[in-house]
Amino acid sequence: MARSPVLTVRCIAIAFFVLQIAFSPMMVMASDADPEQDFCVADLASGTVVNGLVCKSPAAVTANDFVFHGLANPGNTKNAAGSSVTPAFAAQFPGLNTLGISMARLDFAQGGLVPPHTHPRATEILFVVEGSLLVGFVSTNNQLFATTVNKGDVFVFPRGLLHFELNVGKGQATAIAALNSQNPGVQAQAAALFGSGISDVVLEKAFGLSEKAVEHIKAKFAA
């Protein structure tokens with residue numbers, strides 16, 4: 001028996017709807033969830049754990065909740081890396097909660113480095129305020145995209161990809177980063193590999209290192 005044209009159209013419509021349902025979670029999870037109210041200033045004193053931060057009562061919100069002064073001053077670069085990252089994420093700037101954005105200030109001593117790291121939940125765009133930086137990221141095909149950016153330049157690091165910034169100028173350098181997540185996450189690769197307690201055998205085989213070499217590197221990240 002031949003199918004009715006109406007039935008065929010209905011079958012196609014149902015199949016299309018099922019495909020939409022199947023793929024919609026991927027689209028929804030592409031970035032922070034959209035806010036469902038004007039604002040949700042984080043209640044940092046709350047002990048409740050949710051996917052994000054609990055809102056404080058709107059009646060307790062003031063204009064000061066939407067101001068952050070933490071990026072005004074340079075960070076301390078007197079450390080082994082010669083760099084400092086001052087975040088303005090929701091945990092530091094409660095007014096960002098649910099808004100899907102954040103910032104950070106990067107300060108570099110001469111030769112300072114922000115070591116290779118990833119932001120699993122955000123794309124980062126970097127604006128050079130002062131100095132010259134060698135910046136780059138590595139694609140999932142292990143292709144390096146690196147260049148030198150100078151005062152006034154902008155560079156973008158795709159979400160989740162390994163990237164770094166190195167001061168190659170003759171003095172100090174400063175940059176401002178913007179990220180499309182209120183909590184982009186930061187995972188420093190060297191510390192994650194050698195400071196997390198991963199088995200020595202795993203690291204020896206992964207990097208072709210001797211047991212002594214692995215222990216030597218691990219000691220640097222013991223803290």
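**Figure 1. D65 is a buried residue that meets K56 in a salt bridge**. In this predicted model, D65 has a relative accessible area of 14%. Buried means under 20%, so D65 falls in that class. Its partner K56 has 24% relative accessibility and counts as partly exposed. The two side chains meet at 3.0 Å, N to O. Side chains of opposite charge can pair when their charged atoms come close. The structure holds four salt bridges, and Figures 2 and 3 turn to two others.

**Figure 2. K218 and D200 form a salt bridge between two helices**. The closest N and O atoms are 2.6 Å apart. K218 lies in helix 4, residues 211–220, and D200 lies in helix 3, residues 200–207. The pair therefore ties together parts that are 18 residues apart in sequence. Are these two residues buried or exposed? K218 is buried, with a relative accessible area of 16%. D200 is buried too, at 17% relative accessibility.

**Figure 3. K151 and E130 form a salt bridge between a loop and a strand**. The closest N and O atoms of this pair are 3.5 Å apart. K151 sits in the loop between strand 6 (144–150) and strand 7 (154–157). E130 belongs to strand 4, residues 124–130. The pair links distant parts of the chain, 21 residues apart. K151 counts as exposed, at 56% relative accessibility. E130 is partly exposed, with a relative accessible area of 40%.

**Figure 4. Five strands make an open sheet**. In what order do the strands lie? The order is 6-5-8-3-10, and the pairing is antiparallel. Strand 6 and strand 10 (187–188) are the edge strands. Each of them pairs on one side only. Inside the sheet, strand 5 (residues 132–138) runs antiparallel to strand 8 (residues 162–167). Six bridges join these two strands. At one position, V135 stands opposite E165 in strand 8.

**Figure 5. T98 has a positive phi in a loop**. Most residues other than glycine have a negative phi, and most peptide bonds are trans. Phi of T98 is near 75 degrees, and T98 is not a glycine. Where is T98 found? T98 is in the loop between strand 1 (83–88) and strand 2 (102–108). At 23% relative accessibility, T98 counts as partly exposed.

**Figure 6. N142 is a non-glycine residue with a positive phi**. The phi of N142 is about 65 degrees. N142 has its place in the loop between strand 5 and strand 6. Is N142 buried or exposed? At 70% relative accessibility, N142 counts as exposed.

**Figure 7. The protein chain holds four helices and 10 strands**. From the N terminus on, the elements run α-β-β-β-β-β-β-β-β-β-β-α-α-α. How much of the chain is buried? Buried residues make up 30% of the 223 residues. The accessible surface comes to about 13900 Å². Carbon and sulfur atoms account for 62% of that surface. Take the contacts between residues at least 6 apart in sequence: 67% of them join residues at least 24 apart.

Notes
Residues are numbered from 1 along each chain as its sequence is written. This is a predicted model: local features need pLDDT of at least 70, side-chain atom pairs count only at pLDDT 80 or more; totals for chains, interfaces and linings use all residues. Side-chain values use heavy atoms; hydrogens and water are left out. Buried means under 20% relative accessible area, exposed over 50%, partly exposed in between (1.4 Å probe, protein chains only). Two strands pair if DSSP finds at least two bridges between them. Contact means heavy atoms within 4.5 Å. Accessible areas come from the Shrake-Rupley method with a 1.4 Å probe; for residues, only the protein chains shown count as cover.
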